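Let's take a walk through this structure together, one pair of helices at a time. Keep the picture open as you read, and find each part as it comes up.

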Amino acid sequence: MNETSHGTVISTPCYGHYFDQWRAACTVPWQAYTQHDFVTGLADGRLPRAAFLHYLRQDYIFLTHFSRAWALAIVKSDNLEEMKAASATVHALIHDEMQLHVRICAAEGISEQELSTTREAPQNIAYTRYVLEAGYSGDFLDLLAALAPCVMGYGEIGARLAASKPAADYGDWINTYASDEYQALCRDVGLLIDNAITTQLGTTAEATPRWHALCDRFRTATELEVAFWQMGLKG
Ligand SMILES: Cc1ncc(C[n+]2csc(CCO)c2C)c(N)n1
């Protein structure tokens, strides 16, 4: 549960059982990520436009790497259901989410050519390569644990900000992640995680030797999200 600035209590969306377990195992970094000053600034409109545009330019590059990471999830899939879910996410990333960045930047006079030649910040390199490496050296579960904070964190942030009567400034961004389509994608990824864990680790996954390593991957990716917001704020 969360209390908004208006005193309204809203519940955190439930995306999946094992996602809830991963999040519960890293509540401090999870709060630092989902309630970062950058996020507060998006809600109340006080985030400087220059910081937002700096973040968006970095995020455009980030999303190209994340599209590759989700494509790697197709390669690492164990069955057709997993392949379908991963390929739907690749499609949503390339056709919807990256287009949000292109649209907002175009309105500010930043062309797609300029976006694509943005020099990557070290925090961007650290996060995207960490996730790709989780996929290269690990299996489907390693990759999902590293990918989950980004998908669900933005879902949680979008839902919370939309319910808090945000300032209009960053409405387009907030509505993208609060949208029914995006929330459904989060639930689909939650189900993908639940099914893959149950299939590979059985119904007592938390008691298996793999469990803590997966929690660690989720935590590291969450910490890298915090560093990414911080990089955006400094822009
Ligand atoms: C730093 C950073 N973290 C998370 C997201 C959100 N995001 C990244 S991939 C993906 C899945 C498919 O849409 C989503 C939602 C972002 N844009 N930038």
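In this predicted model, begin with α5 and helix α10, the latter made of residues 180-201. Their axes lie 10 Å apart, and the two helices pack at an angle of about 150°. An angle over 145 degrees counts as roughly antiparallel, so α5 is roughly antiparallel to α10. The crossing of these two helices is left-handed. Where do α5 and α10 meet? On the α5 side you will find Glu82, Ala85, Thr89 and Ala92, and on the α10 side Leu185, Asp188, Val189, Leu192 and Ala196. Sorted by class, the contact of α5 with α10 has 6 nonpolar, 1 polar and 2 charged residues.

Stay with α5 and look at another of its partners, α4. Here the axes are 9 Å apart and the packing angle is about 165°. That angle makes α4 roughly antiparallel to α5, and α4 passes α5 in a left-handed crossing. The contact draws on many residues of α4, including Leu53, Leu56, Tyr60, Leu63, Phe66 and Trp70. From α5 come, among them, Met83, Val90, Leu93, Ile94, Glu97 and His101. By class, the contact of α4 with α5 has 17 nonpolar, 4 polar and 2 charged residues.

Next, find α7, which covers residues 122-137, and its partner α8. How do the axes of these helices cross? They come within 7 Å and cross at roughly 160°. The two helices are therefore roughly antiparallel to each other, and their crossing is left-handed. Tyr130, Val131, Ala134 and Gly135 of α7 make the contact with Asp142, Leu143, Ala146 and Leu147 of α8. Those residues divide into 6 nonpolar, 1 polar and 1 charged.

Now turn to the ligand. Which residues come nearest to the ligand? Of the 13 residues around the ligand, the nearest are Phe66, Glu97, Cys150, Tyr154 and Phe228. Two or more residues of this shell are given by each of α4 (49-76), α5 (80-107), α8 (140-163) and α11 (210-234). You have already met two of the nearest residues: Phe66 of α4 and Glu97 of α5 also take part in the contact between those helices. By class, the shell around the ligand holds 9 nonpolar, 1 polar and 3 charged residues.

Finally, step back to a longer stretch of the chain. An unreviewed UniProt entry carries the annotation "domain: Thiaminase-2/PQQC" for residues 30-233. In the model, this span is 82% helix and 0% strand. The C-alpha atoms at the two ends of the span lie 18 Å apart.

Technical notes:
Residues numbered from 1 in each chain as written. Predicted model: local features only at pLDDT ≥ 70, side-chain atom pairs only at ≥ 80, totals over all residues. Near = placed C-beta within 6 Å. Helix = DSSP H or I, 4+ residues; strand = E, 2+ residues; numbered from the N terminus. Nonpolar A, V, L, I, M, F, W, Y, C, P; charged D, E, K, R; others polar. UniProt positions renumbered as here; feature names shortened; annotations may be inferred. Axes fitted to C-alpha atoms, helices over the stretch in contact; angles between N-to-C directions. Parallel < 35°, antiparallel > 145°, perpendicular 65-115°, else oblique. Left-handed = near helix turned anticlockwise from the far one by under 90°. Contact = placed C-beta atoms within 7 Å.
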